[in-house]
Every structure is written in structure tokens, then in C-alpha cells.
Amino acid sequence: MRIGRPRLVAMSYQPTDIELKQLIDRYIAQWNEPDPDQRRRLIRQVWAVDAMQVLVNPPQGIRETAAHYGIAFPPLEVRGHDAFDTRVGRAYEMFVAPGEYVFERDGEPVRQPGAAVSFTWVMRNLADGNVAGSGFDVLTFDADARVRTDHQFVA
């Protein structure tokens, strides 16, 4: 048995308050970005290479389909930049591109135990300003200040 130095474990990045707001603002900006090339650049700035987003409570249609087949609904996972390009691009096409909605941060991010950060967001109707949807995300960051994990709860 070889005895050596203990293995160093990378700690999660803990941004300053100003950095945290900038990180969350970039996170929101990717969902609203109309230019596909700029959106891809934002995605690579926002997400770690090995990042994962878990949609904890999938849409009702997915839950119903799973139940129909006797399967407990699974959380949906997105992993890697190519998958985020598809996920973020599709959300943009569905909600923002038609000019009906915009995504916004709702309130200030909140630090959680274990170097996690939570925040709420809304999908606002541009015609009347009403909130058409909302969500709550819990993020952790890698050492390069990019999102490592995102557990998203959509209301």
C-alpha cells in the first residue's frame, strides 16, 4: 500500500454577492437570447462542461404518460453543452421568439447550505405584464464559476 498526499477535492465556487447576481443574470439571459451563436456562447459561459440540469417536476403530460405505463415519473436530466443548446434553444423558440414572453429573475438569489444558491424566475407576458409561469432553481457552481448542477422546479 502506497501512502501519499491526500487527494484534493475541488470545492464549489462561492461567488461574492455581485458575482452571484451577474451569474444569475447570465443564466436568465441565455433563455432570452435571440442569436443562436450568442446563445451558444452564453451557454458555454453559464454551464460547466459536465453540468447537469434536473427538471425535478416534469410537465403534467410526461407524468401522465409515465403513469399510464405504470412508471413513476422520472426527473428529466440535461447533460452537456450540446444538450443545453437544444434545451435552451427550444425554450427560446417556444416562449420568447414569438414575442409573447420574456424570462426574468424574480427577487434576489439566496445562499443555501453546502455552497448552493437558489433563486426564483418568472416568465412574463409582454402584452399585459402578468406572470404566465414561474420556477425555482437550486444551483451549485464549479471552480470556474459556471453552473455545475441545476435542480429546477417549475410552477
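**Exercise 1. Work out whether A145 is buried or exposed in this predicted model, and describe its backbone.**

Step 1. Start with the accessibility: A145 has a relative accessible area of 15%. Buried means under 20%, so A145 counts as buried.

Step 2. Now place the residue in the chain. A145 sits in the loop that joins β5 (131–141) to β6 (147–154).

Step 3. Look at the backbone angle. Phi of A145 is positive, about 65°, although the residue is not a glycine. As a reminder, most residues other than glycine have a negative phi.

**Exercise 2. Find where A115 lies, and give its phi and its burial.**

Step 1. Locate A115: it belongs to the loop between β3 (101–112) and β4 (116–125).

Step 2. Read the angle. A115 is not a glycine, yet its phi is positive, near 65°.

Step 3. Check the cover. With a relative accessible area of 18%, A115 is buried.

**Exercise 3. Describe how helix α1 and helix α4 meet, from axes to residues.**

Step 1. Take the axes first. Helix α1 covers residues 17–32 and helix α4 covers residues 81–96; their axes come within 7 Å and cross at roughly 65°.

Step 2. List the partners. From α1 come Q30, W31 and N32, and they meet R87, V88, A91, Y92 and V96 of α4.

Step 3. Sort these residues by character. The contact of α1 with α4 has five nonpolar residues, two polar ones and one charged one.

**Exercise 4. Set out the order of the elements and the overall dimensions of the protein.**

Step 1. Count the elements: there are four helices and six strands.

Step 2. Write their order. Beginning at the N terminus, the elements run α-α-β-α-β-α-β-β-β-β.

Step 3. Add the dimensions. The C-alpha trace spans about 65 × 45 × 30 Å along its principal axes.

**Exercise 5. Summarise burial, contacts, surface and charge for the whole protein.**

Step 1. Burial: of the 155 residues, 38% are buried.

Step 2. Contacts: among those with a separation of 6 or more, 51% join residues 24 or more positions apart.

Step 3. Surface: the protein exposes about 9400 Å², and 56% of this area is supplied by carbon and sulfur atoms.

Step 4. Charge: there are 18 positive and 21 negative side chains, and 8 Å separates the centres of the two sets.

Technical notes. Residues are numbered from 1 along each chain as its sequence is written. This is a predicted model: local features need pLDDT of at least 70, side-chain atom pairs count only at pLDDT 80 or more; totals for chains, interfaces and linings use all residues. Side-chain values use heavy atoms; hydrogens and water are left out. Helices (H or I, at least four residues) and strands (E, at least two) are DSSP runs, numbered from the N terminus. Buried means under 20% relative accessible area, exposed over 50%, partly exposed in between (1.4 Å probe, protein chains only). Contact means heavy atoms within 4.5 Å. Accessible areas come from the Shrake-Rupley method with a 1.4 Å probe; for residues, only the protein chains shown count as cover. Lys and Arg count as positive and Asp and Glu as negative; His and the chain ends are not counted. The place of a charge is taken as NZ of Lys, CZ of Arg, CG of Asp or CD of Glu. Axes are lines fitted to C-alpha atoms, for helices over the stretch in contact, and angles run from 0 to 180 degrees between N-to-C directions. Ala, Val, Leu, Ile, Met, Phe, Trp, Tyr, Cys and Pro count as nonpolar, Asp, Glu, Lys and Arg as charged, and the others, Gly among them, as polar.
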